[in-house]
Amino acid sequence: MRVTRTTLADGRELLYFDDDPQFVSGDQQRELHDGRDLPRADTESEMRQDPLTGQWYVYAAHRMNRTFMPPANENPLAPTRPGELPTEIPAGDYNVVVFENRFPSLSMHMEVPDDFATTVDGQDLFPRQPAVGRCEVVCFTPDVHSTFRDLPFSRARTVVEAWAHRTRELSALPGIRCVYPFENRGEEIGVTLQHPHGQIYAYPFLPPRTAEVASRAAAFRSAHGTDLFDAILQAEKAEGTRVISEGEYFTAFVPAAAKWPVEVMLMANRPAPDFADLSDVEKDELTRMYLDLLQRMDKFFDGVERTPYIASWNQAPVGEDRENGRLYLQLFSMMRSPGRMKFLAGSESGQEAWISDTTPERIAARFREVGNV
């Protein structure tokens, strides 16, 4: 694989990840010049801490006018081709591309004044900080009609390599505490661009799930002297009723306390903290098992060709608490039956008290069933 960097017209970074032999060898080069006339990428985002929960919330008012379901000839994630509008990607074709989001929630393109107010209204009860981080877009393929499930193994493997590359570099940025790759697929999820793509957020704080998992992993180790992730894998494998597939390096299973109508985890068998820590053979197996799960996901509901989903790649915290995290995928859908979504109403949204319409065992049985089709 070859990585080529360039800078877009407004100062944002873009990286080409090429597996095509002619580009890997250097015989051909990707277009690096962005000919658009764009204003400098300057944003203003802030985050405030809720005194009741301790959680940080990000405020990015500039995202109100971000691109939403553009027509086909205005797809910003397509290659830039003669006679068509220029896009975010200067080249006329690509394998995999990563670039800084034009409408980021977290950004390093901001001028933080020396007198930045670190509280709201001067009240120490309401801490306030600039939301300095990074949001990136990952384009899986130039084909707008495709989806990750349709990628050949070699291209999907390049995406995994891109996740590892970006995890390594983003983790090294000052102040970053968590690197989170993810994909939203389907209008039902709230996708604003139909082109197959994912995102990576580099947070300057630990998001609630990462923080809670790390806290419980630390408490489990203190109480039992063993690793919580290892204990979960051993328990799931011992029972076996929720295990979907087992590899040498990863295991796919429906967690015993799954909360989504469709949910499966793909967890590293060893304490691998993130993508950057994986060996080549581990990345190979991860790619194969992930593609298999996506195939099963799209067969889960009869009559539904593409199940809307969120692919949430959890990684260990950056810096402290690193030993209390592990690389695992949480792949889930809000669809509870064909064409019907689960809405997060009073109990779920108001109290975060989850009520499920199915059971983990039923979900696992269906995943195994469609895998044999």
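Between the two domains of this predicted model, 30 residues of domain 1 are in contact with 33 residues of domain 2, where contact means heavy atoms within 4.5 Å. The domain assignment gives domain 1 as residues 2-205 and domain 2 as residues 209-370; such bounds come from an automatic or database assignment. The C-alpha centres of domain 1 and domain 2 are 24 Å apart. About 2800 Å² is buried between domain 1 and domain 2, and carbon and sulfur atoms give 55% of this area. Buried area is the accessible area (1.4 Å probe) that two parts lose on being put together, summed over both. On the side of domain 1, R149, R177 and R185 lose the most area to domain 2, together 26% of what that side buries.

Residues are numbered from 1 along each chain as its sequence is written. Local features need pLDDT of at least 70, side-chain atom pairs count only at pLDDT 80 or more, totals for chains, interfaces and linings use all residues, and side-chain values use heavy atoms, with hydrogens and water left out.

Two packed helices are described by the angle between their axes and the distance between the axes. Helices (H or I, at least four residues) and strands (E, at least two) are DSSP runs, numbered from the N terminus. Axes are lines fitted to C-alpha atoms, for helices over the stretch in contact, and angles run from 0 to 180 degrees between N-to-C directions.

| Helix pair | Axes come within | Crossing angle |
|---|---|---|
| α2 (153-171) and α5 (280-297) | 9 Å | roughly 120° |
| α3 (208-224) and α4 (228-239) | 9 Å | roughly 85° |

The angle between α3 and α4 makes α3 roughly perpendicular to α4; angles under 35 degrees count as roughly parallel, over 145 as roughly antiparallel, 65 to 115 as roughly perpendicular and the rest as oblique. In this pair, V213, R216, A217 and F220 of α3 meet L228, F229 and A231 of α4. The residues of this contact comprise 6 nonpolar, no polar and 1 charged. Here Ala, Val, Leu, Ile, Met, Phe, Trp, Tyr, Cys and Pro count as nonpolar, Asp, Glu, Lys and Arg as charged, and the others, Gly among them, as polar.

For the other pair, the angle makes α2 oblique to α5. The contact involves residues of α2 including F153 and W163, and residues of α5 including D280 and Y290. Its residues divide into 8 nonpolar, 1 polar and 6 charged.
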